[in-house]
Amino acid sequence: MSTPKSEFLKVILERGYLHQCTDWEGLDALMAKQSVAAYIGFDATADSLHVGSMVQIMLLRRLQQTGHKPIALMGGGTTKIGDPSGRDESRRLMTVDDINKNLESIRDSFTGYLTFGNGTTDALMVNNADWLDTLNYIEFLRDYGRYFSVNRMLSFDSVKLRLEREQPLSFLEFNYMILQAYDFLELARRHDCRLQMGGSDQWGNIVNGTELGRRIDNRELFGLTAPLITTASGAKMGKTAAGAVWLNPNRLSPYDYWQYWRNTEDADVGRFLKLFTDVPMDEIARLEKLQGAEINDAKIALANEATTLCHGAAAARNAAETARRTFVEGGLGQDLPVLEIDRAELETGIPAYELLRRCGLAASNGEARRLIKGGGARLNDAVIEDENRKISIADLDSDGVLKLSFGKKKHAVLRAK
């Protein structure tokens, strides 16, 4: 692989986004001489994207930053089938209304990362339902089906791994890669899109698209994938013990989002600064050298920058200040999760384990009991000794609030109403 001439490929190479490319030299030459439109697809399986989609979102951001045109393709059509990649079971089929509601909500996830508009390098958001919903099945099979080899489709990881694990793969899902290839052809025709990007698990689907464009329209199309990101301990990005790390604030508060990045493992800080922030490389090199307690400065920089991109500078400042007041001063930050409790309930008292569950610090009463028995739960910074201890009006401070904590980093505020 030669040293790239185009700024985009230089950036993704040095910041760790590159896994595979269908034609490195050809893509580099094209991007060095002109602005290129490129797309990544996002299916609407939930009403928010999560951190697992951040590499793809940041790839589109890097594209726009280096003078090219990003296209966010919303899968209003393909979501009706479901991508089999990386799964052992079929996705739940969703109604059209649910898909459309999710699409509307997901759009907000991109606003902090991309500039949309009608300019040469302004981002576009398009929906593949615009062309997939009107396809005639017989005509589609006749015109496009003959370009796909079932033998080859069976060799792609998204299919092969499912079959090797002896998990069922429906014919519906088997069609997904054909529709994704057709998406690329449609975007090439409609928007002169030359490049499709995605995670490494999408390699087979992307290659299908480049080949379909060449065979049908004699178009030179390119594919590029990023590595699937895991933490240093091997955990999948975007997942925690408490669930997914959502990008939309109605699913996860900016404070909790900030905390997710603040709790990054030491070994991941430099890598995540390169992938998920705009911090310059020389500053990242300085932060990577920090040792001992000073590594926390790098983690705070990561949390601030990542939260600013996702939720804005004000939300990042508030989250950082809440964390400082909570951890350094032992106070109550204004952005901590708040649970309002009827004063009448507190008059009689509520078991500590139940409140831990109700405020989200434990997933169940059983888990809450275990946390308390293990000495990990605190009320107003004092260890809760008895899982059945009644928390009542007497535990409120002069402002009518109290703080519950699990470990050193998870806190919630309870307020009487």
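This report looks at a strand with its two partners, and then at one helix, in a predicted model.

**Strand 2 and its partners**

Let's start with strand 2, which spans residues 37-43. Strand 2 is mostly covered, with 6 of its 7 residues buried. It pairs with strand 3 and also with strand 5, as the table shows.

| Partner of strand 2 | Residues | Sense | Bridges | Residues that stand opposite |
|---|---|---|---|---|
| Strand 3 | 69-75 | parallel | 7 bridges | Ile40 and Ala72 |
| Strand 5 | 193-199 | parallel | 3 bridges | Ala37 and Cys193 |

How does the chain get from strand 2 to strand 3, and what is the handedness of this β-α-β crossover? Leaving strand 2, the chain passes through helix 3 (residues 54-65) before reaching strand 3, and the crossover is right-handed.

**Helix 15**

Now follow the chain to helix 15, made up of the 17 residues 295-311. From its first C-alpha to its last, helix 15 reaches 24 Å, close to the 24 Å expected at 1.5 Å a residue.

Which residues of helix 15 are buried? They are Ile295, Ala298, Lys299, Leu302, Ala303, Ala306, Thr307, Leu309, Cys310 and His311. These residues lie on the same side of helix 15, because they cover an arc of only 160° around the axis. The spacing behind such a pattern is easy to picture: an α-helix has 3.6 residues a turn, so residues three or four places apart point the same way.

Just after helix 15 comes Gly312, and the phi of Gly312 is positive, near 100°.

Definitions and conventions. Residues are numbered from 1 along each chain as its sequence is written. This is a predicted model: local features need pLDDT of at least 70, side-chain atom pairs count only at pLDDT 80 or more; totals for chains, interfaces and linings use all residues. Side-chain values use heavy atoms; hydrogens and water are left out. Buried means under 20% relative accessible area, exposed over 50%, partly exposed in between (1.4 Å probe, protein chains only). Helices (H or I, at least four residues) and strands (E, at least two) are DSSP runs, numbered from the N terminus. Two strands pair if DSSP finds at least two bridges between them. A crossover is right-handed if, with the strands pointing away from the viewer, the path from the first strand over the helix to the second runs clockwise. The expected span of a helix is 1.5 Å times one less than its number of residues. The arc is that of the directions from the helix axis to the C-beta atoms.
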